[in-house]
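Student: I'm new to this structure and would like a guided tour. Please let me ask about it piece by piece.

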Amino acid sequence: MSMPPSSPAATAPVAGNAVAIQNFAFAPAGLKVKAGTTVTWTNKDTDAHTVTSSGSGGPLHSAPLTTGATYRHTFTKAGTYAYLCTLHPFMTATVVVTP
């Protein structure tokens with residue numbers, strides 16, 4: 001069975017450097033950037049959220065972001081960086097960094 005085009009898993013990462021946190025989701029859920037790019041997350045929800053690397057040792061470790069707060073990280077190494085909101089672990093996304 002194939003996935004419908006609107007399914008997040010079927011969507012390729014999009015280029016850009018901004019992620020909105022709204023409706024208990026990261027948008028886009030897949031972001032593609034070049035090494036050296038600074039990505040900014042902005043919380044547009046009324047609930048607090050975090051931007052935290054999945055697993056241990058990842059580079060993303062935000063404090064809880066209140067409404068309108070931002071978090072920035074500059075990606076210096078190529079790779080795929082999975083992250084989540086530690087307050088709402090069902091909220092997941094990835095940043096793919098190319099050389």
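Student: Which residue in β9 stands opposite Tyr 81?
Tutor: Start with the strands, which are DSSP runs of E with at least two residues, numbered from the N terminus. β8 and β9 run antiparallel and pair over 6 bridges (two strands pair if DSSP finds at least two bridges between them). Look along β9 for the residue opposite Tyr 81, and you land on Val 95.

Student: Before we go on, what kind of model is this?
Tutor: Residues are numbered from 1 along each chain as its sequence is written, and side-chain values use heavy atoms, with hydrogens and water left out. Local features need pLDDT of at least 70, side-chain atom pairs count only at pLDDT 80 or more, and totals for chains, interfaces and linings use all residues, as this is a predicted model.

Student: OK, in what order do the strands of the open sheet come, and which ones stand at its edges?
Tutor: The open sheet has 5 strands in the order β1-β4-β9-β8-β6, with mixed pairing. An edge strand has a single partner, so one side of it is left without a neighbour in the sheet. The strands in that position are β1 and β6.

Student: What does Thr 52 stand opposite in β8?
Tutor: That's at the β6 end of the order. β6 and β8 are antiparallel, joined by 2 bridges. Opposite Thr 52 you'll find Leu 84.

Student: And over on the other side, which residue of β9 is the bridge partner of Val 33?
Tutor: β1 and β4 pair in the parallel sense over 2 bridges, with Ala 15 opposite Lys 32. β4 is also joined to β9 by 5 bridges, again parallel. In that pairing, Lys 34 has Thr 98 as its bridge partner, while Val 33 has Val 97.

Student: Which residues make up the covered face of β9?
Tutor: In a regular strand the side chains alternate between the two faces of the sheet. In β9, the uncovered face holds Thr 92, Thr 94, Val 96 and Thr 98. The covered face is made of Ala 93, Val 95 and Val 97.

Student: Which element gives the most residues to the largest nonpolar core?
Tutor: A nonpolar core is a set of buried Ala, Val, Leu, Ile, Met, Phe, Trp, Tyr and Cys residues joined through side-chain atoms within 4.5 Å. Here the largest one has 19 residues, and Phe 26, Trp 41, Val 51, Phe 75, Tyr 83 and Val 95 have the most contacts inside it. The elements giving two or more residues are β2, β4, β5, β8 and β9. With 3 residues, the top giver is β9.

Student: How do Trp 41 and Tyr 83 sit relative to each other, stacked or edge-to-face?
Tutor: Rings of Phe, Tyr and Trp (its six-membered ring) pair if their centres lie within 6.5 Å; planes under 30 degrees apart count as stacked, over 60 as edge-to-face and the rest as tilted. These two rings are 5.5 Å apart centre to centre, with 85° between the planes. Trp 41 is in β5 and Tyr 83 in β8, 42 residues apart. The geometry of the pair is edge-to-face.

Student: Is Trp 41 buried or exposed?
Tutor: Buried means under 20% relative accessible area, exposed over 50%, and partly exposed in between (1.4 Å probe, protein chains only). Its partner Tyr 83 has 1%, so Tyr 83 is buried. At 0% relative accessibility, Trp 41 also counts as buried.

Student: Which side chain has a polar atom 2.7 Å from the backbone nitrogen of Val 51?
Tutor: Look in the loop between β6 and β7 for a residue that is buried because its relative accessibility is 11%. Beyond its neighbours within four places in sequence, that residue is in contact (heavy atoms within 4.5 Å) with Thr 50, Val 51 and Tyr 71. The side chain you want belongs to Ser 62.

Student: Which residues does the cis peptide bond join?
Tutor: Most residues other than glycine have a negative phi, and most peptide bonds are trans. Asn 23 has a positive phi of about 55°, and Phe 24 also has a positive phi of about 55°. As for the cis bond, omega is about 5°, and the residues joined are Ala 27 and Pro 28.

Notes
Helix = DSSP H or I, 4+ residues; strand = E, 2+ residues; numbered from the N terminus. Polar contact = N/O pair within 3.5 Å; in protein donor to acceptor, adjacent residues only side chain to side chain.
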